[in-house]
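Here is a friendly walk through the cross-links of one protein chain. Have the viewer open as you read, and follow each pair as it comes up.

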Amino acid sequence: MGVSALKWQGWLVGLVTIAGLLVFAPLGLYVWASGGEPQQAPPRAAVEDVRVTGCRVDPASRRVSAAVEAAGRAEGAGAYVVTVEFRDRAEADPGRRAAQALVRIPGVAPGATEYAEAVGPVWPVATVPWCGVAGAEFTPATPAPGVP
């Protein structure tokens, strides 16, 4: 008693169908579960929007000051609070705490660049200062009442 070729073809089609389901069903479930819509990127850190563009010692007061620049975000206007650090070298010394100053940069519109100056401590004579961003926070502007 022999098995016909048609019967073997039926079994082969059934096995290929089951194998295809085992391979492509998880992929289909993954696409379905992801919602099919592109996900928004997480907001970038505020420290990426700010930088120190200058560092100098005022000859009259001997205080060190840093010029700070903030670039506006695409998601809307807001304000930055930047922590500027003043050291005598670029590498941080783990045993010493560096002097810091806060500077607020309000009203930064999307695509705009705003500037501020952070004033630090009295600086020792014959020492070159290093100024850098130690941290930054962005606060979105709240719309005026009645404005959506």
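A salt bridge is a side-chain nitrogen of Lys or Arg within 4 Å of a carboxyl oxygen of Asp or Glu. Glu 75 and Arg 73 make such a pair, with 3.1 Å between their closest N and O atoms. Please keep in mind that this is a predicted model.

**Salt bridges**

How many salt bridges does the count come to by this rule? The count is 8, and three of them are set out here.

| Acidic residue | Basic residue | N to O distance |
|---|---|---|
| Asp 49 | Arg 73 | 2.6 Å |
| Glu 75 | Arg 73 | 3.1 Å |
| Asp 88 | Arg 89 | 3.9 Å |

Let us take the pair of Asp 49 and Arg 73, whose side chains meet in a salt bridge. This pair links distant parts of the chain, 24 residues apart. Asp 49 sits in the loop between helix H1 (5–33) and S1, while Arg 73 belongs to the loop between strand S2 (63–71) and strand S3 (78–87).

Are these two partners buried or exposed? Asp 49 has 6% relative accessibility and so counts as buried. Arg 73 is likewise buried, because its relative accessible area is 5%. Buried here means under 20% relative accessible area. Glu 75, the other partner of Arg 73, reaches 59% relative accessibility and therefore counts as exposed.

The pair of Asp 88 and Arg 89 has its closest N and O atoms 3.9 Å apart. Arg 89 is partly exposed, with a relative accessible area of 40%, and Asp 88 is partly exposed too, with 33%. As for shared partners, salt bridges join Asp 49, Arg 73 and Glu 75 into one network.

**The disulfide**

Now for the covalent link. A disulfide is a covalent bond between the sulfur atoms of two cysteines. The structure holds 1 disulfide, and this disulfide joins Cys 55 to Cys 131 with an S to S distance of 1.9 Å. The link of Cys 55 and Cys 131 is right-handed, with 50 degrees about the S-S bond.

Which parts of the chain does the pair tie together? Cys 55 lies in strand S1 (residues 50–57) and Cys 131 in strand S6 (residues 130–140), so the disulfide ties together parts that are 76 residues apart in sequence.

The two cysteines can also be placed by accessibility. Cys 55 counts as partly exposed because its relative accessibility is 31%, whereas Cys 131, at 9%, counts as buried.

Notes:
Residues are numbered from 1 along each chain as its sequence is written. This is a predicted model: local features need pLDDT of at least 70, side-chain atom pairs count only at pLDDT 80 or more; totals for chains, interfaces and linings use all residues. Side-chain values use heavy atoms; hydrogens and water are left out. A disulfide is a pair of cysteine sulfur atoms within 2.5 Å. Helices (H or I, at least four residues) and strands (E, at least two) are DSSP runs, numbered from the N terminus. Buried means under 20% relative accessible area, exposed over 50%, partly exposed in between (1.4 Å probe, protein chains only).
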